[in-house]
Amino acid sequence: MKRRIAIFTDEPGWQGARLREALGARGCESRCVALAEGGLQMAGEPAVVRIPGFEPELPDGAFVRGVPPGTLEEVIFHLNVLHALQAIGVPVYNDGRAIERSVDKAITTLKLAQAGLPVPATWVTRDPMHAWSVMLKEHMAGHTLVCKPLFGSQGEGVVRIGPDTPLPDSEPYNGVYYLQRYLDRGEGQWHDWRVVVGGGRAVAATRGRGQRWVEKGGAG
C-alpha cells in the first residue's frame with residue numbers, strides 16, 4: 001500500500017510539482033493542501049486533526065512548504081495543526097518548532113549568532129526612539145541600514161535607510177523594527193547558502209548568487 005503524504009502549501013508551483021514527482025518516484029502518493037484548510041477536533045472521541053483530502057484517515061507524513069501569513073491567532077492555529085500531527089504520530093517535515101525558529105527573523109538571527117556564525121549587526125525593537133537612535137549612530141559611522149518585516153520573504157517590505165532617508169513608519173512592520181547593517185559586496189559578489197538538514201545533519205546545500213540592491217523593495 002502506498003504511503004500518503006500531505007504537502008502543505010498555498011501555491012504549489014513548480015516546487016510542489018517536483019516534490020510530488022520525487023515522492024511518486026519513491027512509491028508515495030501526495031496531495032497539495034493549504035494548511036489553513038486543516039483543523040482540530042476534540043468532540044467526545046480521541047482528538048483528531050482534519051486534513052482535507054485525507055479523510056477519514058490521516059496522511060502517513062506531511063511536508064511543509066510554507067506557513068501562510070495572518071494574524072497572531074491564525075499563525076498559531078497553523079502551527080497548532082503541525083504540532084498536533086506530530087503529537088499523534090504523523091512525521092512532519094519541517095515540524096512546528098523548526099517553523100517557529102525560522103519564520104521569525106529575530107529568532108533566526110539570534111540562533112545563528114549563538115551558533116558562532118557571522119551575522120550583520122542587528123537591532124530589534126518596538127521603541128521608535130531606540131530605532132531612531134540606532135539609525136543616527138549607524139549613519140554617523142558611515143553605515144546604511146536595512147529595515148525588514150519580522151515575518152516575510154521574497155524581499156517584500158524591505159527598505160534601505162540611507163543618511164537622507166527617514167525612519168519608516170512602524171505600522172507596515174506591525175510595530176516592530178528589525179534593523180540590520182547593510183553590507184554592500186558589489187555586483188555579483190555576494191551569495192547565500194540554503195542548507196537542508198535531516199536527522200540533525202546537513203544532507204544537501206545550494207549556493208545562490210545575487211545582484212546589487214534593487215530599490216523597488218529589496219535585494220535581487
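Which residues lie nearest the centre of the second largest pocket? They are I5, L23, A62, F63 and Y93. The model examined here is predicted.

## Overall layout

The protein contains five helices and 14 strands. Along the principal axes, its C-alpha trace spans about 65 × 40 × 30 Å. Of the 220 residues in the protein, 30% are buried. Among contacts between residues at least 6 apart in sequence, 59% join residues at least 24 apart.

Two open sheets of four strands are described below, one with parallel pairing and one with antiparallel pairing.

## The parallel sheet

The strand order in this open sheet is β2-β1-β5-β6, and the pairing is parallel. The edges are taken by β2 (28-33) and β6; each has a single partner strand, so one side of each is left without a neighbour in the sheet.

At one end of the order, β5 and β6 pair in the parallel sense over two bridges. Within this region, F63 stands opposite Y93 in β6. Helix α1 lies across β1, β2 and β5, and runs at about 160° to β2.

## The second largest pocket

The second largest pocket has a volume of about 260 Å³. Its lining consists of 14 residues. The elements that contribute two or more residues to this lining are β1 (3-8), α1 (13-25), β5 (61-64) and β6 (92-93). Strands β1, β5 and β6 belong to the parallel sheet, and α1 lies across β1 and β5, among others.

By class, the lining has 10 nonpolar, one polar and three charged residues. F63 and Y93, which stand opposite each other across β5 and β6, are among the residues nearest the pocket centre.

## A cis peptide after β6

The peptide bond from Y93 to N94 is cis, with omega near 5°. Y93 is also one of the residues nearest the centre of the second largest pocket. N94 itself is found in the loop between β6 and α3 (96-103).

## The antiparallel sheet

The other open sheet of four strands has the order β7-β10-β8-β9, with antiparallel pairing. Here β7 (122-125) and β9 are the edge strands; each has a single partner, so one side of each is left without a neighbour in the sheet. On average, neighbouring strands of this sheet are turned by 25° against each other, direction ignored.

Strand β8 (residues 145-148) pairs with β10 in the antiparallel sense over four bridges. The bridge partner of V146 in β10 is Q180. Two helices contact this sheet. Helix α4 (residues 105-114) packs on the sheet and touches β7, β8 and β10; its direction makes about 40° with that of β10. Helix α5 (residues 128-140) lies across β7, β8, β9 and β10, running at about 10° to β10.

## Positive phi at N174

Where is N174 found? This residue is in the loop between β9 (159-161) and β10 (177-181). The phi of N174 is positive, about 55°, although N174 is not a glycine. N174 has a relative accessible area of 70%, and it counts as exposed because this value is over 50%.

Definitions and conventions:
Residues are numbered from 1 along each chain as its sequence is written. This is a predicted model: local features need pLDDT of at least 70, side-chain atom pairs count only at pLDDT 80 or more; totals for chains, interfaces and linings use all residues. Side-chain values use heavy atoms; hydrogens and water are left out. On a 1 Å grid over the protein atoms alone, a cavity is a set of points where a 1.4 Å probe fits but cannot get out, and a pocket is an open set with protein on both sides within 12 Å along at least five of seven lines; lining residues have an atom within 4 Å of a point. Grid points are joined across faces, edges and corners, and a volume is the space filled by probe spheres set on the points. Ala, Val, Leu, Ile, Met, Phe, Trp, Tyr, Cys and Pro count as nonpolar, Asp, Glu, Lys and Arg as charged, and the others, Gly among them, as polar. Buried means under 20% relative accessible area, exposed over 50%, partly exposed in between (1.4 Å probe, protein chains only). Two strands pair if DSSP finds at least two bridges between them. Axes are lines fitted to C-alpha atoms, for helices over the stretch in contact, and angles run from 0 to 180 degrees between N-to-C directions. Contact means heavy atoms within 4.5 Å.
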